[in-house]
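Grab your viewer and a coffee, and let's work through a few exercises. Each one sets a task and then walks through the solution.

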Amino acid sequence: MSNQIDASRTILTKIAANIEKVMHGQRPAIRKLLAALASGGHVLLEDYPGTGKTTLAKALAQSLDARFTRLQFTPDLLPSDILGVSVFNQKEQSFHFHEGPIFTNILLADEINRASPRTQSALLEAMGEGQVSVEGQKRLLSTLFFVVATQNPVEFRGTYPLPEAQMDRFAMQFRLGYVTAEQELAVLTAQQRGHPIDHLTACATVEDIQMLKRAVQEVRISDELKKYIVDLVAATRNVAGVQLGASTRAALSLMKASQAIALFDGESFVSPEHIQELAPPVIAHRLSIEPQARFSGTTSQGIVDEIVKHLPVPA
């Protein structure tokens, strides 16, 4: 087990270092992104334009020797543009299915909230079950299928808020934020004569990621910490001003992501600190706040932070 943990941590550290060649000052975001990848979840990046959301996703894709597809979401994008469509072959007098961009290993769904709800829903089955149903036929996706979606804040013009069911499919949502002045200066220097992402090479394979997923499942988590996760998630359902609390899927995602982050740290077991670190990005985006509470300044992030702060930690 110790050798497996060391090998897995080496892979994660290598990928993180590769991404950091492009993403300056974003180590916490890279850490969460890789935890989601290793635990089999999907990630939603929400931030203002120009903060590096797309670059982070592309840097991850180029760090892996895997199939990568970028899909720009627009208001006129149709579900068939994502899933694929059957085309009639006159020569053979039969229909042939042409796979859409969803048949890949890493899918970058850029500006996902610019597409209509109908198109957004095309990702539901794929993200939840690793398959798509097209024209009455079930088609399996790759064993490594990872969605990195980006979106601009909903206050921006021309955006459609993601429905609750879609938000619940994302294991994590987090922001990159603005970097410090020193880090921003380093970005300018690095891109003075070109973009460093153009020279980024793969440092891991699909098989490495599959090994990581197996290693994550072997990381131990005590019954007390499982109960702690359940209590954290259940507490969101009883907070004043919360219209919709976190689901059981949130508890599962938090458990798996905590196992992955423990592996990243070279640990063979999950600690309360791992759970507390990931509780906000795993839980907050799943909460629906009542309009009156939202207008008074209540945020889902603040609610989760308060729950983590006051809920007793297992001894």
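The exercises below go from pockets to a helix, then strands, then two single residues.

Before you start: this is a predicted model, where local features need pLDDT of at least 70, side-chain atom pairs count only at pLDDT 80 or more, and totals for chains, interfaces and linings use all residues. Residues are numbered from 1 along each chain as its sequence is written, and side-chain values use heavy atoms, with hydrogens and water left out.

**Exercise 1. Describe the largest pocket and its lining.**

Step 1: get the terms straight. On a 1 Å grid over the protein atoms alone, a pocket is an open set of points where a 1.4 Å probe fits, with protein on both sides within 12 Å along at least five of seven lines; lining residues have an atom within 4 Å of a point.

Step 2: size it up. The largest pocket holds about 1,200 Å³, a volume being the space filled by probe spheres set on the points, which are joined across faces, edges and corners.

Step 3: look at the wall. There are 33 lining residues, and E46, M167, Q173, H285 and S300 lie nearest the centre. Helix 7 (164-169) gives the most, three residues; helices and strands here are DSSP runs numbered from the N terminus (H or I, at least four residues; E, at least two).

**Exercise 2. Do the same for the second largest pocket.**

Step 1: its volume is about 670 Å³.

Step 2: 28 residues line it, with S39, G40, G41, M127 and K256 nearest its centre.

Step 3: helix 11 (248-264) supplies the largest share of that lining, five residues.

**Exercise 3. Check the span of helix 12 and find what covers it.**

Step 1: the expected span is 1.5 Å times one less than the number of residues. For the 12 residues of helix 12 that should be 16 Å, and the end C-alpha atoms are 16 Å apart, which agrees.

Step 2: nine of the 12 residues are buried (under 20% relative accessible area with a 1.4 Å probe, protein chains only). Among them are H274, L278 and I283.

Step 3: these buried residues pack against helix 2, strand 10, helix 10, helix 11 and helix 14, with contact meaning heavy atoms within 4.5 Å.

**Exercise 4. Which side chains of strand 3 are buried, and which strand pairs with strand 3?**

Step 1: in a regular strand the side chains alternate between the two faces of the sheet.

Step 2: in strand 3 (residues 68-72), T69 and L71 point to one face and are buried, while F68, R70 and Q72 point to the other and are not.

Step 3: strand 3 runs parallel to strand 6 (residues 106-110), joined by five bridges; strands pair if DSSP finds at least two bridges between them. R70 sits opposite L108 of strand 6.

**Exercise 5. Is Q26 buried or exposed, and what about A215?**

Step 1: Q26 sits in the loop between helix 1 (2-20) and helix 2. Its relative accessibility is 4%, so Q26 counts as buried.

Step 2: leaving aside neighbours within four places in sequence, Q26 is in contact with T51, L176, G177 and V179.

Step 3: A215, in helix 9, is buried too, at 1% relative accessible area.

Step 4: not counting residues up to four places away in sequence, A215 touches Q4, S8 and L263. A215 and A38 are 177 residues apart in sequence, yet 8.8 Å apart in space, C-alpha to C-alpha.

Note on methods:
Buried means under 20% relative accessible area, exposed over 50%, partly exposed in between (1.4 Å probe, protein chains only).
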